[in-house]
Amino acid sequence: MNTSENNNDIKVTPNDEQFDNVKLTTWEGIKKFLRELLDIRGDTDRDATIEAVKKDISFKGHTAWILIFSIFVASIGLNVSSAAVVIGAMLISPLMGPIVGVGLSVAINDVETLKRSLINLGVMVFLSVLTAFLYFKLSPLTEETPELLARTYPTILDVLVAIFGGLALIVAKTKSGTIASVIFGVAIATALMPPLCTVGYGLAIGNLQYAGGALYLFSINATFIALSTFIVSKLLRFPLVRYANSKRRKRIAQVASLIALVVMVPSIILFLNLLKVQVYENRAKEFVKETITYDGAEIVKATQDFETQTIDVYLIGQPVPQTKINEWNATLKETEQLSDVNLRIFQGTDQSGAFAEKLSGEVKAGILEDLYVKNEQVIRDKDDRISFLENEIANLKIKNVPFQELSEEVKINYQDIETFSYSNKITTNFKKTDTLPVINVKWKNGVSSRSRREQMKRLETWLKFKMKLDTISVAEYP
């Protein structure tokens, strides 16, 4: 019997070898598929991309008029709160070109292109804001629409849209045969134009907070689009601009790196800050929804403020006892990222639990609307009352004018006046009746016209001070 074979030896059969080959082939196939799926270097036309970006930077002639008309279209859309009109304006806006030019020029150390991009971007922004300002200044419609208010301050979502929109834009531009639909989509998603229109709106109505917030939003969008362009251009190894002078090339490279650093560091800090605000608001809303519950009480309104670290909750219905509020505060202190937040509960005096239980969203809206209307009426009544009392006070002042004393002082200070008289004139615009004090003077013969005008002006100023009146009429006898 042949015992030369060891029973522990592993025998490799042809089937095993075939299976290993299949596994190896499959794995190589998967790697090749993933490489081809995600690799964009092979289909990137670097020279054509640089040329196309430089071509889009230019801003003159047709491009300037297109921008002006698109700003008018966007302003009208924001004015009437029409999202469709705003989207149409964003599609025809040429604002994207200089922003992409800034990112690419920094990536390839092209100082001339960077200068052109910044100058054209500045001119575009100025012209856009000026056009929107003129429109809203002349427009009879100045109501704050939802489309306008949505562009008055950035959120973390705006930053994310700008980042991924910018990445999609530059990737589409680098492909051989630019994908036009992507460029149009990015123009809509990143929304560069509406914030500039809102800046013009804020300046037109004198609301610097709106203007500043909208300009902040535009700056964020522009910065992250340029930053995305810079990153992709570096990853795709776009060729650097060559300079004959090695020292100049080195200096330009340093300047480009410094600009990139100046842009990236504040952008990252800004992103993290907005992320904190968004996380805080989401956690606060979640806390109110899950924790602030009490039988017979209904939440009418809840607000959260990141700056003051407070959550305000307005309740209606059965009053919540302090012990329950203490429980809510204890839960809040144990909630992650809300441990330092202060909870403030505002509640009415309505004792009807049944009423609160039946309180639906529609009923709440009706109650709040009714309260608002009543408050507005009370405010108007108070304003009318204040106006009436102010008029009465003015009338009392006029009736109690010490005419004899005034005439004596006028005689001493204005020796050219021959006669001095005082009367009350009642005027009305059919909405409001007012009493106006009227002073008439007659000058002595020989007083020049220039001297009379100067003395009349001094007399009017002195009488206002003396009689403690805001309005008074001083005239000569006809």
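Of the contacts in this protein chain between residues at least 6 apart in sequence, 73% join residues at least 24 apart. Keep in mind as you browse that the model is predicted. The chain holds 17 helices and six strands. Of its 478 residues, 35% are buried. As for the surface, the protein chain exposes about 29500 Å², and carbon and sulfur atoms supply 58% of that area.

Let's turn to single helices, beginning with H4, which spans residues 83–92. Which of its residues are buried? They are Val86, Ala89 and Met90. Looking down the axis of H4, you will find these buried residues within an arc of 100°, so they line one face of the helix.

Next comes a pair of helices. Two packed helices are described by the angle between their axes and the distance between the axes. Here the partners are H8, covering residues 156–174, and H11, covering residues 208–235. They pack at an angle of about 40°, and their axes lie 8 Å apart. Angles that are neither under 35 degrees, nor over 145, nor from 65 to 115 count as oblique, and H8 and H11 are therefore oblique to each other. The crossing in which H8 passes H11 is right-handed.

If you would like to see where the two helices touch, select the residues that make the contact. H8 contributes Asp158, Val159, Ala162, Ile163, Gly166, Leu167, Leu169, Ile170 and Val171. From H11 come Leu217, Ile220, Asn221, Phe224, Ile225, Ser228, Thr229, Val232 and Ser233.

Definitions and conventions
Residues numbered from 1 in each chain as written. Predicted model: local features only at pLDDT ≥ 70, side-chain atom pairs only at ≥ 80, totals over all residues. Heavy atoms only, no water. Helix = DSSP H or I, 4+ residues; strand = E, 2+ residues; numbered from the N terminus. Buried < 20%, exposed > 50% of the residue type's maximum accessible area, 1.4 Å probe, protein only. Contact = heavy atoms within 4.5 Å. Areas by Shrake-Rupley, 256 points an atom, 1.4 Å probe, with all protein chains shown as cover. Arc of directions from axis to C-beta. Axes fitted to C-alpha atoms, helices over the stretch in contact; angles between N-to-C directions. Left-handed = near helix turned anticlockwise from the far one by under 90°.
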